[in-house]
Amino acid sequence: MDSSPGAAYQKAIDIRASRGRDRHKILRGRWHRMVVLLLGDVLALAIAGRVASHLNQFYSPLPPPLVLGNWLGLPGLFWILMLVTLLLFAHSGLYGSSSQWKNYVRSGQLVSAVYLLALILGYFYDPKLAPPRSLFMTAWFGSVGLVITFRLLASLALKQFEQAQTNVFLLAPAERLPTLAQVLKRRSRYNIVGAALASTTSTAATIQAIFNSGAQEVLAESLPQTELASGLYWQLRRAGITLRLIPSSVEMLHRRGVPEVIAGIPTLRVEPTLLGGWDYRLKRWLDWLGAFVGLVVLSPLFLVVAIAIKLSSPGAVFFCQERMGLHGRVFQMWKFRTMIPEAEALQAGLEQQNEAGDGVMFKIRHDPRITAIGRFLRQTSIDELPQLLNVLLGQMSLVGPRPLPLRDVERFDPWHHTRHQVLPGITGLWQVSGRSSVDAFNDAARLDLYYIDNWSLNLDLEILLETCRIVFCGKGAY
C-alpha cells in the first residue's frame, strides 16, 4: 500500500466532487426527457418563426441588416434568438429535474425576456433598424404560446411512457415507516427496496444499505437537521441518487422567504402575496374564460348527456347540493344526476357501509344508488362538467380544494377549515394524487394545505393537465 502524501491526496476526494460514472448514471435516466423537450422547444420556436414570417410578407419586410442569412426558410435572426432561448432554458433547469422542466410559466417568461432583450439591444445598436411590429409581435406571442403548449403535450407523452418502477429507499421515524410504505405501494409506481430509521441517517451502515439496495431515490421524513447535509445529501448527490424530503408547513414557508438581517438577527421575510398579486387576478380571468368557452364548446355533449339521463331513469337531469365554499359560505353546486332520485334519503341507511377510514367523507365503491349511466358519467368525470356554471357565477375556480357536502364538513377538525380560505375548485391536488384511493381525510386535507401554501399558476396548469390524463384513463373515480 502506498502511504505517501501524494497517494493520500489522490484518494482524498472532496464530497462535493462528482464522478464521471455518476454523471452518466444521472443522464441515463433523463436523456429521453431532455431529447423530447429539446426537440419540442426547437419545433415550437421554428413554427412560430415560420408563421410570423409568412404573415409578415403582407406587410413590411425584415430590414436586410437584420436578416443575417437564411436557413430552412427562416432568417438567421430567428435562429440566433432560438439558440439564446434554448441556452437560457438549459441554464434555468428546464431540461433537468422533473420539478423544474414542468415550470411552464417560467418557459414563457424566458421566451419573453429573450424577445424584449433583443428589442432593447437592437434599439441601442441602431434605432432605425427596428424589426416590423407585425413580425416581432407575432413571433413573440406565437413562441410563448407554442412553447407552453408543446411542453404541456410533452408532459402528457412523457407521463404515459415513464411508467417504469422506481426503486426507493425510505428514511423515517419508526411510527411513520409502515404508513409511508403502504401509501407508496397503493398509489404510486415506486418499488420499496429498503428502509431505515431517520435517527440512523448519517451512519455508515445506513448509507451503505442505500447504495447496496440499488435505490434510485430516497424518500425521507423528519431527518436530523444537523446531520443532513454532511451525512446524506452530498453522498447521495455524488452517487446520482435523488433525495426527496417530506416537508413540514414551516419548511414550505421557508421556501418563500427572503433572507434579511434585522437588528443583527438573521430572518426570513415572508410577505402575504399568495392571493393578492397579478397572478391571482390572471387565474380568475382564466377561470371565467375557461368556463365560458367550456360551456359553449361542450353544449352538444350536455344535450346528449341530458337525453341519456332522462331515458335511463326518472328524475331531474341535474343534481344540486349544498356545498361549503369560500369563508364557509354555502352555495348550490351543480352536477349531472348519477343516482336515483331518492339517493340522499337513502344515505343514512348506508352509513355503516362507509369505506372512508375516518368517516369524514362518505364513499362506497359499489354504491347501489348509482344508475347505469351514472356510473359511466362518474368514471369519465362528465358528471362534474356543470360546475363550469359555478365557476362563471364566481362560486368556484377551475382548480382549488374540492367543495364538500355539509355532512362531511360537520365532521371536520378545526385545522381542516383552512381549506375554506380559498375558492373551491372543480379539480385539485387531492383529485390528481389518488382521487378515490385517498381513504383518510387528513391525507386529503394535507394535500389541500400543500396546494394553498405552494399555489402558483404553474401548479394550476400541472393539476389541469394531470386531471385530463387521469380522466382519459378513467383512473380512480367511482
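The following dialogue reads selected features of a predicted model.

Colleague: Where should one begin with the interior, and which residues touch the most other members of the largest nonpolar core?

Modeller: A nonpolar core is a set of buried nonpolar residues joined through their side-chain atoms. Here the largest one has 30 residues, and F78, F89, V111, Y115 and V147 touch the most other members. Helices α3 (31–56), α5 (76–91), α7 (104–125) and α8 (133–161) each contribute at least two residues to this core. The largest share, ten residues, is supplied by α8.

Colleague: What is F89 in contact with, once its neighbours within four places in sequence are left aside?

Modeller: The contacts of F89 are D41, L94, Y95, S107, L110, V111, V147 and R151. There is also a second, separate core of 20 residues, which includes L388, L449, L457 and L459.

Colleague: How does one read a strand such as β5, and which of its residues are buried?

Modeller: One looks at each face of the strand and then at its partners. In β5 (residues 217–220), E217 and L219 are buried on one side, and V218 and A220 are buried on the other, so that both faces are covered. Strand β5 pairs with β3 (residues 166–172) in the parallel sense over four bridges. Within that pairing, A220 in β5 stands opposite L171. Strand β5 is also joined to β6 (residues 242–245) by four bridges, and these two strands run parallel. The bridge partner of V218 in β6 is L243.

Colleague: How many salt bridges does the structure hold, and how close are the N and O atoms of E217 and R244?

Modeller: A salt bridge is assigned when a side-chain nitrogen of Lys or Arg lies within 4 Å of a carboxyl oxygen of Asp or Glu. The structure holds twelve of them. In the pair formed by E217 and R244, the closest N and O atoms are 2.6 Å apart. Because E217 belongs to strand β5 and R244 to strand β6, this pair ties together parts that are 27 residues apart in sequence.

Colleague: Is E217 buried or exposed, and what is the relative accessible area of R244?

Modeller: E217 counts as buried because its relative accessibility is 11%, and the cut-off for buried is under 20%. R244 has a relative accessible area of 34% and is therefore partly exposed.

Colleague: Which residue forms a salt bridge with E221?

Modeller: The partner of E221 is R176, with the closest N and O atoms 2.8 Å apart. This pair links distant parts of the chain, 45 residues apart: E221 is in the loop between β5 and α11 (225–239), and R176 is in the loop between β3 and α9 (177–187). E221 is buried, at a relative accessible area of 14%, while R176 is partly exposed, at 29%.

Colleague: How many residues apart in helix α20 are R469 and E466?

Modeller: R469 and E466 are three residues apart in helix α20 (residues 457–473), so about one helical turn separates them. They form a salt bridge in which the closest N and O atoms are 2.7 Å apart. Both R469 and E466 are buried. Salt bridges may also be linked into a network, as with K335, D383, E384 and R402.

Colleague: What should one look for in backbone angles, and which sign of phi does H327 have?

Modeller: Most residues other than glycine have a negative phi, so a positive value deserves a note. H327 is not a glycine, yet its phi is positive, at about 55 degrees. H327 sits in the loop between β9 (318–324) and β10 (330–336), and it is exposed, with a relative accessible area of 51%.

Colleague: Where is S381 found, and is S381 buried or exposed?

Modeller: S381 is found in the loop between α15 (372–379) and α16 (387–392). S381 also has a positive phi, of about 65 degrees, although it is not a glycine. S381 is buried, with a relative accessible area of 13%.

Colleague: To end at the surface, which residues make the nonpolar patch?

Modeller: A nonpolar patch gathers nonpolar residues that have over 30% relative accessible area and no salt bridge. L286, W288, L289, F292, V293, V296 and V297 make a patch of about 660 Å². One of these, V293, lies in helix α13 (residues 278–312). V293 is partly exposed, with a relative accessible area of 39%, and therefore passes the cut-off of over 30% for a patch.

Technical notes
Residues numbered from 1 in each chain as written. Predicted model: local features only at pLDDT ≥ 70, side-chain atom pairs only at ≥ 80, totals over all residues. Heavy atoms only, no water. Patch = residues over 30% accessible without salt bridge, like charges linked within 9 Å, V, L, I, M, F, W, Y side chains within 5 Å. Areas by Shrake-Rupley, 256 points an atom, 1.4 Å probe, with all protein chains shown as cover. Buried < 20%, exposed > 50% of the residue type's maximum accessible area, 1.4 Å probe, protein only. Core = buried A, V, L, I, M, F, W, Y, C linked by side-chain atoms within 4.5 Å. Contact = heavy atoms within 4.5 Å. Pairing = 2+ DSSP bridges.
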